[in-house]
Amino acid sequence: MELQKSLPDFERHHIVPFAISYDAVDVLATFAAKQHITYTLLSDEGSTVIRALGLFNEHVFEHHAAYGVPKRDQHWGVPYPGVFLLDEQGYVRQKRFQQSYRERETGVALLEQGFGLPSTVHGTPVHAQAQGVQVTARLDSPTYRAFQRLWLRLDISIEAGLHVYGQPIPEGFIPLTVAVTPAAGLVVGAPEFPSPTLHRLAGLDEDFYIYEGKLAVSVPLTFTQDEHDTVVQVAIRYQACSDALGCFMPQTVALQVPVQVQDHVDRPRQR
Amino acid sequence: MTTPLDFGIDFTTIGPAVGERFPDVVLPDQYGQRVDLHHTRNGRRALIVFHRSAGW
């Protein structure tokens, strides 16, 4: 399982993963041995805990029908798919649940997007630059499979003395935007930007929100097909300005982030 | 084929809420050993992952 790859990072940050499913102990034992899982898998046979916690997935048949999966009694009893992030005192700090039982995040996403901690494993970084700005793009993983959610992370570094605009922004100005080119089998979520800082310009009574220095923007990508190795096309548009020199022409930085089908890497696909 | 991802479920009201202490859970692990989740955590942060099945 994918979480295993991030286990050294979880250990380094003193985070203990537990996975709960309705499987019997022997099913978990077989799965753990086959997939080389060393973290704790808990057996909630009969879905007693899943039910007590209010996580019993009442929609599973309806969702299977939506995917064209035949109804099977064994599917009844699964929990809603998702993750609770607990703090040192055991309080829920975040819930990261997926609408679809098929969709999953990576351990990297739980660490970086969830806990805000750096991961040592991720996809190969791609670099690009344009006037006043350097960008490094990478995905959570160098590989993907169907219904996996990978975050595209963009580390943007703005040259000292310059800023770019965030939102909201007065009309006629160009904010920093991130666009991922639509593709078949790729669902692109809304980019998540950090909060920009308020910036007042002498002589103007409009409020501007800006970014300076370094910032990270993340975009959730869900792959709904895994037929081909692919390339995620990203465009970052911005206008760099300085209080002393005014604004430069708007720029677009384009990056191509490759990602391989996991099946092709881990094992030859069997037809 | 369409591939719906959003079924409009409101997860804020499903399961333990943000800000609550996660309930005590004691279940057997893959080795058949009884695991008390909070006791095993031993003051560390945790991820509690709920997934469909390891068998299918």
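These exercises work through a predicted model with chains A and B.

**Exercise 1.** State how many helices and strands chain A has, and how many chain B has.

Solution. Start with chain A: its secondary structure amounts to 6 helices and 19 strands. Then take chain B, which has 1 helix and 3 strands. For chain B the order can also be given: from the N terminus the elements follow the pattern β-β-α-β.

**Exercise 2.** Describe the extent, burial and surface of chain A, then the burial and surface of chain B.

Solution. Along the principal axes, a box of roughly 70 × 45 × 35 Å holds the C-alpha atoms of chain A. Chain A has 271 residues, and 51% of them count as buried. Its exposed area is about 12800 Å², of which carbon and sulfur atoms supply 51%. In chain B, 41% of the 56 residues count as buried. Chain B exposes about 3000 Å², with 48% supplied by carbon and sulfur atoms.

**Exercise 3.** Find what share of the contacts in chain A joins residues 24 or more positions apart, and how far apart the mean positions of its charges lie.

Solution. First restrict the count to contacts with a separation of 6 or more; residues 24 or more positions apart account for 60% of these. Next, take the 21 positive and 30 negative charges of chain A: the mean positions of the two sets are 6 Å apart.

**Exercise 4.** Work out which strands are listed as partners of E15 in chain A, and whether E15 is mostly covered or mostly open.

Solution. Strand E15 of chain A spans residues 214-223, and 8 of its 10 residues are buried, so the strand is mostly covered. One partner is E9 of chain A (residues 148-158), which pairs with E15(A) in the antiparallel sense over 10 bridges. Within this pairing, A:Leu150 has A:Leu221 as its bridge partner. Another partner is E12 of chain A (residues 186-188), also antiparallel, over 3 bridges. Here A:Phe223 in E15(A) stands opposite A:Leu186.

**Exercise 5.** Explain why strands E8 and E11 of chain A count as edges of their sheet.

Solution. Begin with the order of the strands: the open sheet of chain A has 4 strands, arranged E8-E19-E16-E11, with mixed pairing. Strands E8 (143-144) and E11 (177-180) of chain A each have a single partner strand, so one side of each has no neighbour in the sheet. Now look at the middle of the order, where E16 (residues 230-238) and E19 (residues 251-261) of chain A pair in the antiparallel sense over 9 bridges. In that pairing, A:Val232 is opposite A:Val257 of E19(A).

**Exercise 6.** Classify the ring pair A:Phe84 and A:Phe97 and place it in its surroundings.

Solution. A pair of aromatic rings is described by the distance between the centres and the angle between the planes. Over all chains, 9 aromatic pairs are counted. For A:Phe84 and A:Phe97 the ring centres are 5.2 Å apart and the planes stand at 75°; the cut-off for edge-to-face is over 60 degrees, so the pair is edge-to-face. A:Phe84 belongs to strand E3 (residues 82-86) of chain A and A:Phe97 to strand E4 (residues 92-97) of chain A, and the two residues are 13 residues apart. Both A:Phe84 and A:Phe97 are buried. Finally, ring pairs join A:Phe84 and A:Phe97 with A:Tyr80, B:Phe11, B:Phe22 and B:Phe50 in a cluster.

Methods: Residues are numbered from 1 along each chain as its sequence is written. Chains are lettered from A and ligands numbered from 1 in the order in which they are written. This is a predicted model: local features need pLDDT of at least 70, side-chain atom pairs count only at pLDDT 80 or more; totals for chains, interfaces and linings use all residues. Side-chain values use heavy atoms; hydrogens and water are left out. Buried means under 20% relative accessible area, exposed over 50%, partly exposed in between (1.4 Å probe, protein chains only). Contact means heavy atoms within 4.5 Å. Accessible areas come from the Shrake-Rupley method with a 1.4 Å probe; for residues, only the protein chains shown count as cover. Lys and Arg count as positive and Asp and Glu as negative; His and the chain ends are not counted. The place of a charge is taken as NZ of Lys, CZ of Arg, CG of Asp or CD of Glu. Two strands pair if DSSP finds at least two bridges between them. Rings of Phe, Tyr and Trp (its six-membered ring) pair if their centres lie within 6.5 Å; planes under 30 degrees apart count as stacked, over 60 as edge-to-face and the rest as tilted.
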